[in-house]
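Biologist: I'd like a close look at one part of this model and what surrounds it. Please keep it brisk.

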Amino acid sequence: MSTEEPMLEVDIAANIADVQSNISQTLKDNNMTENSVRLIAVSKTKPVELLMQAYDAGQRYFGENYAQEIMSKAEEMPDDIKWHFIGPLQSNKAAPLVKSLGLKKLNCVETVSTMKLANKLNNACTAWKESQDPGTIGKNDKLGIYIQVNTSGEESKSGVNNALECAELAKEILESCPNLKIDGLMTIGAPGDYSCFDTLVECRKEVAEAIAVDVDSLVLSMGMSGDYQEAIKRGSTSVRVGSTIFGARDYSNKK
Ligand SMILES: *Cc1c(COP(=O)(O)O)cnc(C)c1O
């Protein structure tokens, strides 16, 4: 990012406070006060200085879409940040991503929808563990993943196509990827079509049954700046909010 570019004034701390208050209000209005919803601050294309403002306001979960970008930001930023990878991940980037962040910083890869990627991530975790001091690695150190579901059926979106495929993939990952733990499901959906959120809720039922876990133990990652309140009403437990916190994105220096 060029330094001559004028930085638009955004009050990131205030924006985060607004989003948190909207989350609480939505839960309250819908008698869902016992639910908890995690806020992932989506910081793709934004400079580290802005992320640090969010960090200083108490934000610890950040979402990034590009392997190179998350690696360099994680290097520069404090170690207690929990990074979520939320973009399409080419399987040849799995190894460098895991190697660079490690299982302590990389909290979740939200966009797993093939065994090819799951296997690459699993192998990358093995290599990472072998590179660590044995005493510092526990049996339960696993990489969290979400299975991405293409709930809108759009050609342009990634993800498994339906609940059956989702459950099949979950079972296969459970069987053959001991370094991964299936923490939840993720979808983007079509803007304005809230039935996509209901579809993800349905998928979660199937997956929970298939891998014999409690439905509520699986995160539902759905809802972005334009629709996070609607997503929460429909059961989201993790919202990915970018432009509402950091301002509009400028892609002009991305390929
Ligand atoms: C960019 C992005 C977001 C954030 O989008 P906003 O509309 O800026 O909140 C959320 N999820 C994914 C997968 C994204 O790529």
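Where is the place of Asp56?

Modeller: This is a predicted model: local features need pLDDT of at least 70, side-chain atom pairs count only at pLDDT 80 or more, and totals for chains, interfaces and linings use all residues. Residues are numbered from 1 along each chain as its sequence is written, and side-chain values use heavy atoms, leaving out hydrogens and water.

Asp56 sits in helix α2, residues 48–56. (Helices are DSSP runs of H or I with at least four residues, strands are runs of E with at least two, and both are numbered from the N terminus.) Asp56 counts as exposed because its relative accessibility is 63%. (Exposed is over 50% relative accessible area, buried is under 20%, and partly exposed lies in between, with a 1.4 Å probe and protein chains only.) Take Ala95 for scale. Asp56 and Ala95 are 39 residues apart in sequence, and their C-alpha atoms are 30 Å apart in space.

Now step back to the loop between β1 (38–42) and α2. That loop holds Thr45. Thr45 is not a glycine, yet its phi is positive, about 70 degrees. Most residues other than glycine have a negative phi. Thr45 is buried, because its relative accessible area is 6%.

Ala212 makes a useful pairing with Thr45. Ala212 also has a positive phi without being a glycine, at about 55 degrees. It lies in the loop between α7 and β7 (219–221). Ala212 has a relative accessible area of 69%, so it is exposed.

Next, helix α3, residues 67–76, which holds Glu69. Glu69 is buried, because its relative accessible area is 9%. Its side chain makes a polar contact of 2.7 Å with the side chain of Lys73. (A polar contact is a pair of N or O atoms within 3.5 Å; within protein, one must be able to donate a hydrogen and the other to accept it, and residues adjacent in sequence count only if both atoms are side-chain atoms.)

α3 also packs on a second helix. Its axis comes within 10 Å of that of α4 (residues 94–105), and the two cross at roughly 45 degrees. (Axes are lines fitted to C-alpha atoms, for helices over the stretch in contact, and angles run from 0 to 180 degrees between N-to-C directions.) α3 and α4 are therefore oblique to each other. (Under 35 degrees is roughly parallel, over 145 roughly antiparallel, 65 to 115 roughly perpendicular, and the rest oblique.) Their crossing is left-handed. (That is, the near helix is turned anticlockwise from the far one by less than a right angle; clockwise is right-handed.) From α3 come Ile70, Met71 and Ala74; from α4 come Pro96, Leu97, Ser100, Leu101 and Lys105. (Contact means heavy atoms within 4.5 Å.) By class, that gives six nonpolar, one polar and one charged residues. (Ala, Val, Leu, Ile, Met, Phe, Trp, Tyr, Cys and Pro are nonpolar; Asp, Glu, Lys and Arg are charged; the others, Gly among them, are polar.)

A second helix pair is α6 (residues 163–176) with α7 (residues 195–210). Their axes come within 8 Å and cross at roughly 35 degrees. This crossing is right-handed. Ala163, Cys166, Ala167, Ala170 and Lys171 of α6 meet Cys203, Glu206, Val207 and Ala210 of α7. The contact divides into seven nonpolar, no polar and two charged residues.

Last, Gly159, in the loop between β5 (143–148) and α6. Setting aside neighbours within four places in sequence, Gly159 is in contact with Ser113, Gln148, Val149 and Asn150. Gly159 and Lys139 are 20 residues apart in sequence and 29 Å apart in space, C-alpha to C-alpha.
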